[in-house]
Amino acid sequence: MRRLLVLLICAAELLLFAEGSGLRSNSREVEQLLVVQTMGLDDFPAGVTLTLAGSADEDKGVPRLTADGISITAAMDRIRGYSYEEELFTPHIGRLLLGEKAAEKGIESALAYISRSPDLRLDMPLFVVRDGRAEDAMLTVGTGKRGICDVMRIVEQDARRRGESGLTTAAQVLRDTARCGSALICALDLGRASETLDDAGAGEPEGRSLAPMGYAVIREGRLCRYLTREEAIAVGFLRGEAGLSTMEVRDRYGSNAVLELNGGSCDIRPLWEAGTLRGFQIDCDARASLLELGGRGALKGTQDTDYLVAQLEKQLAEYLSSALQASKELKADFLCLGEIVERDNPAAFRALGREFVDLLPELELEITVSARLNQMNDMK
């Protein structure tokens, strides 16, 4: 018993010595790690262009690395080979930016890479850079102490809060593509460089920035079209995820009025006729507040209020119709209406005789909108 106790004490001392001497084979100093948080993919004639970026550091600036390869893995290996001073740490990658050409070519290989990688997470949001490359966005966005990772955190917060777009994760894109044949990805607008002028009028461009701008429609794994801001607002209502967004209408005197949409959803019901799917009845409820009112500057009575509400209902109905028409024209069920039909009447859905997306262009749409102003913002 005494010998066993001595052996245990010796083992404990050896363990403490090993830890104190840095003998752990899997340990790395934090200073030796380049923590990657944003990944970008672009089309390349012989494969892909991979761009990686981390958060800005006061001493080292914004770490950004890019390389071409015949595959994502080959490009990643090439980047690792050139980053010998620091070891890449990729489990913290929190988003993927896709260049427009890469999205048009197809995103299936990128989704497969994310699914198989032991480091990447399926809950990372995806983005498509409109009219541009992910590499350009990642190398030019941000200034000085702020890089692409810092800007994208703000972009993601904005996309979650506002109604002009929304975040879609890799898992959601995989699921929607497998079940509905189509999916939506947040589209980003790469803005021009701004300038800060000094007293003499001279200035230097601060860098470019990104903003959510509608959705990229992915059909059969490829980018086929973008949804406009207005269509993206409609998507929020149709999905029951309406965020904050503004709408400009005219009051009954012809002056401009600005409304803020701040809530609402749609009830979507399939319309059947003798066992045949005829179309959809879409009843939408919307809430808004009055932000600005030109002309008279204030609502004078119920007639003024009712007129604004009617304009709101009319315009939102147009948004909804435009988004649904886009789905019909593209034969892209990015709203997963087929699942709604299947849940409503499974037997009739199985008896349709054709794929739902083939029926989609023929379906009728009956849209009604009921709105109310819940805040006038009138100091009086």
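Met39 stands opposite Leu52 of strand E3, and this pair is a convenient place to enter the structure, which is a predicted model. Met39 lies in strand E2, which spans residues 38-44 and pairs with E3 in the antiparallel sense over 7 bridges. The two strands form a hairpin, with 2 residues between them. On E3 there is a further pairing, since 6 bridges join E3 to strand E4, made of residues 64-69, and these two strands also run antiparallel. Within that second pairing, Leu50 has Ala67 of E4 as its bridge partner. E3 itself, which covers residues 47-53, is mostly covered, with 7 of its 7 residues buried. In a regular strand, side chains alternate between the two faces of the sheet.

Before moving further along the chain, it is useful to place this region in the whole. The protein chain holds 12 helices and 16 strands, and 43% of its 380 residues are buried. Of the contacts in the chain with a separation of 6 or more, 68% are accounted for by residues 24 or more positions apart. The mean pLDDT of the chain is 85, and 82% of the residues reach 70 or more. Over residues 4-30, however, the pLDDT is below 50, and this stretch has 6 contacts in the model beyond near neighbours in sequence. Residues 195-205 likewise have a pLDDT below 50, with 11 contacts in the model beyond near neighbours in sequence.

Among the helices, H2, formed by residues 72-82, packs with H4, formed by residues 108-116, at an angle of about 65°, and their axes are 11 Å apart. H2 contributes Ile72, Thr73 and Met76 to the contact, while H4 contributes Ser109, Ala110 and Tyr113. By character, the residues of this contact divide into 4 nonpolar and 2 polar, with no charged residue.

H4 appears again in the surroundings of helix H7, where the buried residues of H7 are covered by elements that include H4, strands E7 (126-129) and E8 (182-190), and helices H10 (337-344) and H12 (356-359). H7 itself runs over residues 170-180, and its buried residues are Ala170, Val173, Asp176 and Cys180. Seen down the axis of H7, these buried residues fall within an arc of 140°, so they line one face of the helix. An α-helix has 3.6 residues a turn, so residues three or four places apart point the same way. The face of H7 turned away from the buried side carries the exposed residues Ala178 and Arg179. After H7 comes Gly181, whose phi is positive, near 80°.

Helix H10, one of the elements that cover the buried residues of H7, contains Leu337. Leu337 counts as buried because its relative accessibility is 4%, and the limit for that class is under 20%. Leaving aside neighbours within four places in sequence, Leu337 is in contact with Ile268, Phe280, Leu324, Phe356 and Leu360. Pro270 is 67 residues away from Leu337 along the chain, and the C-alpha atoms of the two residues are separated by 8.9 Å.

Key:
Residues numbered from 1 in each chain as written. Heavy atoms only, no water. Buried < 20%, exposed > 50% of the residue type's maximum accessible area, 1.4 Å probe, protein only. Helix = DSSP H or I, 4+ residues; strand = E, 2+ residues; numbered from the N terminus. Pairing = 2+ DSSP bridges. pLDDT = per-residue confidence, 0-100. Contact = heavy atoms within 4.5 Å. Axes fitted to C-alpha atoms, helices over the stretch in contact; angles between N-to-C directions. Nonpolar A, V, L, I, M, F, W, Y, C, P; charged D, E, K, R; others polar. Arc of directions from axis to C-beta.
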